[in-house]
Amino acid sequence: MRLSQLFARTWREAPADAELVSHQLMLRAGYIRRLAAGIYSYLPLGWRVMRNIQEIIRQEMDAIGGQEINMPVVHPAELWQESGRWYDIGPELARFKDRVGRDMVLGMTHEEVVTDLARREVDSYRQLPFMVYQIQTKFRDEPRSRGGLIRVREFMMKDGYSFHPDQEDLDRYYPSVCQAYFNICRRCGVDVAMVASDVGMMGGTGAHEFMLVTAAGEDTLVLCRRCGYAANQDVAQSQRGDALSPSAPLREVATPEKKDVVEVARFLAAEPRGVLKTLVVVADGKPVMACIRGDLEVNERKLANCLGVGDVRLAHDEELVGWGMVAGYVSPVGQAHCRVIADLSVVEEQGLIAGANREGYHYTGARFGRDFSTPEVIDMAAARPGDACVECGGSLELARGVEIGNTFKLGLKYSRSMGAHYLDSEGAEKPLVMGCYGIGLGRLAACVVESHHDDKGIIWPLPVAPYPVHLVALGTGEDVVAAAAGIYEQLNASGISCIYDDRNASAGVKFNDADLMGMPLRITVSKRNLKESAVEIKPRSAESASSVALDAMLGYVQDWIDHQMARYKP
RNA sequence: CGGGGCGUGGCGCAGUUUGGUAGCGUGUCUGAAUGGGGUUCAGAAGGUCGCAGGUUCAAAUCCUGUCGCCCCGACCA
């Protein structure tokens, strides 16, 4: 491709509203252009990256028995009503009516459609298991898109769905998908962490996310360096430390104006961890007292999952009043009206400071099982850095991550609600057991850039680079132009695709654009080198260039490419 | 949806407080010189100042409304 003809231009400066490096560089180098909030076009260079990523994904999905299909973008609402998500999902599901007034949706994912396919096609255990996947555009009307390609509304996703006769078969297959995901990310040059994750709106029995660990990430991860434990904070477990509070009789003490944990603890000469923190949350419109040791925070996602509701929120002060509660002095001690749920951290404590359910007073010496109780003891604490790992006791760390892909054991959620059955070898009707597996391609591309750039531009790993070679002709002398054109032809004839900077521009402009666009190998043709019958070859990732004889050029490039590709081989 | 901010040639910005009919850098086009890290000189094109009302002799500037975009939060397969 001649750069003079390439449909894209580079920008010297990034638009002011692009914050992430990947966003800035992909805009500046002419890979993507924004059409609307969270909606992007891919220019030729960007699309070549996407096609490379697609091909890697296809190879890895095919390698684990995947069969590529393509499902519609537009779905009739009835399918989503059958699964229940028509009612469960809010405005991020784009809905519209067709010309005859029929409700339709834009597919944000394809469980319904693929389950519908499966129930029509599958009758017998002999057809199981199988996995189908597609690479296709999705639309989710996110409340807030951000970060360039990291969080968008319209996006290309690889979504795969596996169907199994039973849970054991899904459990057997699931690790091969995870391995394929590691392979995909490694071949794209992205180092990912597989973390246990929340099952979210998909429902199901287990899930993992594949995360690029980066400060630009939106999710909080809990990691143990010692044993490799890794989980999204929304499901992460941790040890809370031994109970310390001494046993004491329950006694009411005056704590005027002391409402929050820190104030109360200080007033009574105690530590925050000697206080029983009681949050009143609203779940399905009803109040629940969530009790946790004072030094810990509640993770609302974990709490909501334990309560079996979509989400919880803190109650407003007016709501508390309506329920006869006193803000700052709420407590499970001596009250019988409100559902109480307790974190594991409070069970062993012998004498905690707790609210007295009246203005200006707390109890000391409150003990679980004696002064208050609930059958609902759960893990709702947010893991903290430095907490002990539940697996090995090592010290946990917190990190941020970008979710590139996810894997879910869906189980029976859709086959039940949509009636997808098969007959087993005994002739008994059984529901299909499903897994589903997603990867965001644009997000993966952005993560490659986040992982591979310097202050001058992108540094593409060879397998995803739009072109392996960036050929630069310096000056407009006839000999240089002729030599460069010859090399261009030679590379093309050898199947090495190449971007050829044939513009009448100065060396600085060409080098800067080459660095910005980030092709792995740069070949420079100039009068200076031509005198030695040589060209200059420089890997984008290297500091300096090598002089290579003209007649050795092709072999050098081919060897370099082969050597690089070997690093990324599955 | 809550909080904050921004809309002025392709991109980055000034001008808005104190109304007087739009400017700088970069990019683009033409010509010339230059030719190893965004080179130089000369000339040129390109803007209903997001949109709609209103105030005024006069609005980028003041008022009202509206749309779009960004950041933080809520939300998120």
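These are my notes on a predicted model of a protein with an RNA strand.

**Entry 1: around the RNA**

I started with RNA strand B and looked up what surrounds it. The answer is 45 residues, and the closest are Arg140, Arg144, Arg151, Phe408 and Ser526. Sorted by class, this surface has 19 charged, 16 nonpolar and 10 polar residues. Then I turned to the RNA side: of the atoms of strand B within 4 Å of the protein, 50% belong to sugar or phosphate, and the rest to bases.

Which elements supply this surface? I noted that β1, β8, β21, α13 and α14 each give at least two residues. The largest share is from α13, with 7 residues.

**Entry 2: a few polar side chains**

I checked three acidic residues against RNA strand B. Asp515 has a polar side-chain atom 2.4 Å from a base nitrogen. For Glu13, a polar side-chain atom also lies by a base nitrogen, at 3.3 Å. With Asp17 the partner is a sugar or linking oxygen, 3.5 Å from a polar side-chain atom.

**Entry 3: the sheet beside α13**

Since α13 came up, I followed it to its sheet. Five strands make an open sheet with mixed pairing, in the order β28-β27-β29-β30-β31. Why do β28 and β31 each have one side without a neighbour in the sheet? They stand at the edges, so each has a single partner strand. From one strand to the next, the twist averages 25°. I also found that α13 packs on this sheet and touches β27, β28 and β29. The direction of α13 makes about 175° with that of β27.

At the β31 edge, β30 (residues 534–539) pairs with β31 in the antiparallel sense over 4 bridges. One pair I could point to is Ile537, which stands opposite Ser546 in β31.

**Entry 4: strand β21**

Next I went back to β21, which is one of the elements supplying the surface near the RNA. Is this strand largely enclosed or left open? It is largely enclosed by the rest of the structure, because 13 of its 16 residues are buried.

I listed some strands that pair with β21:

- β10 (residues 206–213) runs antiparallel to β21, joined by 8 bridges; His208 stands opposite Thr407 in β21.
- β11 (residues 219–224) is antiparallel to β21 too, with 6 bridges; the partner of Val222 in β21 is Leu398.
- β24 (residues 433–440) is joined to β21 by 6 bridges, again antiparallel; Gly405 has Ile439 of β24 as its bridge partner.

A reminder to myself: strands of a sheet pair through backbone hydrogen bonds.

Definitions and conventions
Residues numbered from 1 in each chain as written. Chains lettered and ligands numbered in written order. Predicted model: local features only at pLDDT ≥ 70, side-chain atom pairs only at ≥ 80, totals over all residues. Heavy atoms only, no water. Near = heavy atom within 4 Å. Polar contact = N/O pair within 3.5 Å; in protein donor to acceptor, adjacent residues only side chain to side chain. Nonpolar A, V, L, I, M, F, W, Y, C, P; charged D, E, K, R; others polar. Pairing = 2+ DSSP bridges. Axes fitted to C-alpha atoms, helices over the stretch in contact; angles between N-to-C directions. Contact = heavy atoms within 4.5 Å. Buried < 20%, exposed > 50% of the residue type's maximum accessible area, 1.4 Å probe, protein only.
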